Amino acid sequence: MLQPEWLPIVMQGSFSEIYVVDCDTFRFVHTNQTARKNLHYTAAELAGMTPLDVARSVSFEVLQNILMPLGCGKSSRASLDTVHTRKDGSTYPIEFRLFYCGSKEPVYIMIGNDISARHNSAKALRLSEARFRAIVSNTPGLFFQIQQRPDGALSFPYLSDGCHALLGIAAERLRADSSLFLDLILPEDRPSFLKSMNESASAWKTWNWDGRIWVDKWKDVKWINLRSTPRALPGEGVQWEGIMTNITESKLEEEEIKRSRAQLAELSAHVETVKEKERMRIAREIHDDVGGNLTAIKMALALVKKRLPADDASLADKAVYVESLVDRTIEAIHRISADLRPGILDFGIVAAIDWQAKEFEKQLGIPCEFTSNKKEVDLDPDQATALFRIFQEALTNIGKHAQATRVTVRLARTNRSVRLEIADNGRGIEATERLKPKSFGIRGMTERANALGGQLSVSAIPGGGTEVALRIPLME
């Protein structure tokens with residue numbers, strides 16, 4: 001069969017498979033090198049074959065119905081997707097464009113391209129979509145896409161099937177009218193929603209928002225969490241992909257924990273107040289009753305000593321012993337009374353801390369330097385007592401555990417708060433020590449501070465030592 005003079009050039013220079021098919025016999029007249037290489041056949045082997053021999057998934061009737069309109073001039077070209085079978089039996093997908101070449105010996109020209117990559121991509125896409133649908137269907141919550149156009153308008157390009165279960169609105173309805181979502185958000189929470197969205201869009205950071213919605217269908221308020229990542233859409237604004245979840249249960253538990261903690265703090269404060277009042281009562285009774293009785297005993301004992309026989313040394317010695325015993329008991333009473341309710345507090349918190357610092361230095365021999373930016377700091381009696389007790393506990397801890405050789409105490413009053421800092425140069429404190437289950441000293445200081453609406457921190461000082469820092473707000 002004669003071949004056009006241009007055919008060899010096209011056949012050899014193409015990376016596509018090219019087949020020339022006889023119109024009468026449907027046999028291959030010519031095949032190019034690419035076709036032979038892909039099929040693993042020689043030119044001689046392909047010369048006696050037809051397209052149906054390599055495209056076994058196509059029937060003669062189908063191929064004839066595609067080629068006949070070309071030969072009749074009813075169509076200039078056609079296309080065909082099929083699967084080619086190599087000599088070794090392996091297969092690959094191929095896409096053909098078919099043309100009719102009219103000449104003395106008319107032929108069909110088939111130009112094909114291996115579309116394995118496209119098929120693999122489509123298969124991978126289907127698998128990816130299947131995985132995504134499986135994840136979405138088994139994840140509690142709503143997967144979404146929110147788009148903010150340049151004019152500020154919002155739309156939902158995608159909403160998963162969880163839309164109705166979470167929001168009480170069908171996904172199709174919300175996509176058609178995105179304003180329904182803003183209407184769900186409680187008016188007091190709407191500004192925070194818009195603010196967090198705009199901050200995410202301007203800073204390109206994760207959008208994380210908690211808020212309440214009113215679901216009219218169930219006449220119920222829900223807490224939802226929205227978490228998503230923004231990306232720019234050139235000329236179309238910003239789009240977020242993320243998930244909304246129902247966090248009502250966790251929010252209610254959080255609020256219950258806050259209420260419990262507040263009640264516990266109130267109870268702790270009440271207990272401390274009752275304890276301080278009881279200490280004051282006991283200190284007063286010890287001082288007034290027991291102290292008064294001991295003073296009377298001492299006076300009576302002095303009178304008895306004067307009337308003892310001068311020649312009875314044994315009785316004189318016993319009288320002296322009883323008198324010294326009374327004196328020691330009176331000193332113990334004064335010490336116990338001071339521990340229960342330091343009378344120095346009546347002279348103000350600055351004087352009380354200064355006195356306690358000097359007592360600490362005198363008892364333990366550790367220098368304790370105290371400074372204050374005010375000569376006097378007016379505090380509510382409960383605040384003054386709590387601050388003083390925290391100071392006492394801090395000094396006790398230093399004496400027991402710190403192995404310090406110097407202590408520095410600073411008291412500062414600002415317009416709104418009072419700050420007390422106690423620092424030592426001891427061995428320091430580890431984080432694990434602060435969290436010990438039986439670390440009641442630090443826990444007690446923290447509870448006292450919390451009861452006053454203040455804050456207490458215990459931290460290691462670089463280079464060695466520990467600092468206890470207390471800040472309590474001043475009462476208006």
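**View 1. G152 in the loop between β6 and β7 of the predicted model**. G152 is partly exposed, its relative accessible area being 38%. The flanking strands are β6 (142-148) and β7 (154-159). V238 is 86 residues away from G152 along the chain, yet the C-alpha atoms of the two are separated by 9.7 Å.

**View 2. Helix α14 and its two ends**. Helix α14 comprises 22 residues, 381-402. At 1.5 Å a residue, the expected span is 32 Å, and the end C-alpha atoms lie 30 Å apart, so the two values agree. At the N-terminal end, D380 acts as the cap, with a side-chain oxygen 2.9 Å from the backbone nitrogen of D382. Just after the helix comes Q403, with a positive phi of about 55 degrees. Q403 belongs to the loop between α14 and β12 (407-413) and is exposed, at 66% relative accessibility.

**View 3. H40, a residue with positive phi that is not a glycine**. Most residues other than glycine have a negative phi. The phi of H40 is positive, about 70 degrees. H40 sits in the loop between α2 (33-39) and α3 (43-47). Its relative accessibility of 42% makes H40 partly exposed. Q403, shown in the preceding view, is likewise not a glycine and has a positive phi of about 55 degrees.

**View 4. C23 and C101, two cysteines without a disulfide bond**. The sulfur of C23 has its closest cysteine sulfur in C101, at 8.7 Å, which is too far for a bond. The cut-off for a disulfide is a sulfur pair within 2.5 Å. C101 is in no disulfide, its nearest cysteine sulfur being that of C23. The count for the model comes to 0 disulfides. C23 is buried, with 17% relative accessible area, and C101 is buried at 16%.

**View 5. Salt bridge between E95 and R118**. The closest approach in this pair is 3.3 Å, N to O. E95 lies in strand β4 (residues 91-101) and R118 in helix α6 (residues 116-138), so the pair ties together parts that are 23 residues apart in sequence. Both side chains belong to partly exposed residues: E95 has 27% relative accessibility and R118 has 45%. A search of the whole structure gives 18 salt bridges.

**View 6. Salt bridges within helices α11 and α13**. E256 pairs with R259, the closest N and O atoms being 2.6 Å apart. These two residues lie 3 residues apart in α11, about one turn of the helix. E256 is partly exposed at 40%, as is R259 at 44%. In α13 (residues 349-364), D354 and K358 are 4 residues apart, which is about one helical turn. Their side chains meet in a salt bridge of 3.3 Å, N to O. D354 is partly exposed, at 27% relative accessible area, whereas K358 is exposed, at 53%.

**View 7. Nonpolar surface patch formed by L264, L267 and V271**. The patch covers about 260 Å². L264 is part of helix α11 (residues 248-306).

**View 8. Network of salt bridges**. Four residues are linked here: R410, R419, E421 and E467. Side chains of opposite charge can pair when their charged atoms come close.

Methods
Residues are numbered from 1 along each chain as its sequence is written. This is a predicted model: local features need pLDDT of at least 70, side-chain atom pairs count only at pLDDT 80 or more; totals for chains, interfaces and linings use all residues. Side-chain values use heavy atoms; hydrogens and water are left out. The expected span of a helix is 1.5 Å times one less than its number of residues. A polar contact is a pair of N or O atoms within 3.5 Å; within protein, one must be able to donate a hydrogen and the other to accept it, and residues adjacent in sequence count only if both atoms are side-chain atoms. Patches are made of residues with over 30% relative accessible area and no salt bridge: like charges are joined within 9 Å, nonpolar side chains (Val, Leu, Ile, Met, Phe, Trp, Tyr) within 5 Å. Accessible areas come from the Shrake-Rupley method with a 1.4 Å probe; for residues, only the protein chains shown count as cover. Buried means under 20% relative accessible area, exposed over 50%, partly exposed in between (1.4 Å probe, protein chains only).
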